[in-house]
Amino acid sequence: MTAIPDRRITAFRPDLAARHLAGLVEAARFTDPQPMRVVAPSAPLRREPRPDAPLDTEALAGELVQVYESEEGWAWVQLAGDGYVGYLPDDALRPGVPAPTHRVAALRTFVYPGASIKLPPLAALSLGAAVAVVEMKGDFAVLGDGGHVFAAHLAPVDSHEADFVAVAERFLGVPYLWGGKTSLGLDCSGLTQLALSAAGIAAPRDSDMLEAGLGMPVPFDESLSGLKRGDLVFWKGHVGILTDPDTLLHASGHSMSVHREPLREARDRIRDKSFGAITSIKRLK
């Protein structure tokens, strides 16, 4: 092994690794994964198998997960979507779940036990969660597990939003949560990844991965002129989305929320008080 792989997206530990990594990493044992899907509305993916370990990201309902080990209530997994590796509560996972047919397109929607909004809801699903619909009943989509979701809040899994910036704007006011990826709380890269994914753009999870893997660099100077809606602005450890040439939308630990602010004001504050200077600006097309 000439370089240490990124542990965030490579399923290896000293005692266990994915079989396809044999010969590339050192581990006491190699194994094949068992595919499962997330059946909880969302599940915390933690760095270590304990409830007080750091939250690295969240897996959403319907997400495909490759499980390499399950022990003492925790599953060591790799998320099929963005490749992130960590520990999920194993009661949030189930094998043999049908592939999703629809995704949640509303910011949040409820799952009811029947086709009535007057029934006490069973759960709430956030934008990006995926479900398997077996039939339509009036205004409701009936799920494989018997739950009912307001059909207008769903879209086919193979459909895409036209404007990822508009998706991100739906999260205005949502609280900041390190590692979060739902409408109850999310961080800067979680917001960006969710918005891009809704528009059919595969995106990695963390800001450094987004910076390295997406778009073309946009030249910029102190004036920050020549930018446009949809440009991604990066700092070391932070990312925001331009809603117009002069306005930044981001999940901010400064305001502890998703909010909009003038780009130059954000640039100056972030440079002086937190992440330093802008490292790059990327344009997707």
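This is a short walk through the largest pocket of the structure and some of its salt bridges. Keep in mind as you read that the model is predicted.

Let us start with empty space. Rolling a probe the size of a water molecule over the atoms shows where such space is left. Here, the largest pocket holds about 710 Å³. Its lining is made up of 27 residues. If you would like to find the middle of this pocket in the structure above, look for E63, G81, G128, A130 and S197, the lining residues that lie nearest its centre. Two elements give two or more residues each to the lining, namely β10 (102–104) and α2 (188–198). Of the elements, α2 gives the most, with 4 residues. What kinds of residues line the pocket? They divide into 14 nonpolar, 8 polar and 5 charged.

Now let us turn to charged side chains that pair with each other. Side chains of opposite charge can pair when their charged atoms come close. The structure holds 23 salt bridges, and a few of them make good stops on our tour.

The first stop is the pair of R260 and E169, whose side chains meet in a salt bridge with an N to O distance of 2.8 Å. R260 sits in strand β24 (residues 257–262), while E169 belongs to helix α1 (residues 164–169), so this pair ties together parts that are 91 residues apart in sequence. R260 has a relative accessible area of 40%, and is therefore partly exposed.

Next, look at R50 and D52, which form a salt bridge whose closest N and O atoms are 2.7 Å apart. How open to the surroundings are these two partners? D52 counts as exposed because its relative accessibility is 59%, a value over the 50% cut-off. R50 counts as partly exposed, at 32% relative accessibility.

The pair of R269 and E261 offers another setting. Their closest N and O atoms are 2.7 Å apart, and the two residues form a salt bridge. Are the partners here buried or exposed? R269 is buried, with 17% relative accessibility, and E261 is buried too, with a relative accessible area of 9%. Both labels follow because buried means under 20% relative accessible area.

Our last stop goes beyond a single pair. E222, R267, D268, R271 and D272 are linked in a network of salt bridges. You can pick out these residues in the structure above and see how they are placed around one another.

How values were computed:
Residues numbered from 1 in each chain as written. Predicted model: local features only at pLDDT ≥ 70, side-chain atom pairs only at ≥ 80, totals over all residues. Heavy atoms only, no water. 1 Å grid on protein atoms, 1.4 Å probe; cavity = no way out; pocket = protein on both sides within 12 Å on 5 of 7 lines; lining within 4 Å. Points joined across faces, edges and corners; volume = space filled by probe spheres on them. Nonpolar A, V, L, I, M, F, W, Y, C, P; charged D, E, K, R; others polar. Salt bridge = Lys/Arg side-chain N within 4 Å of Asp/Glu carboxyl O. Buried < 20%, exposed > 50% of the residue type's maximum accessible area, 1.4 Å probe, protein only.
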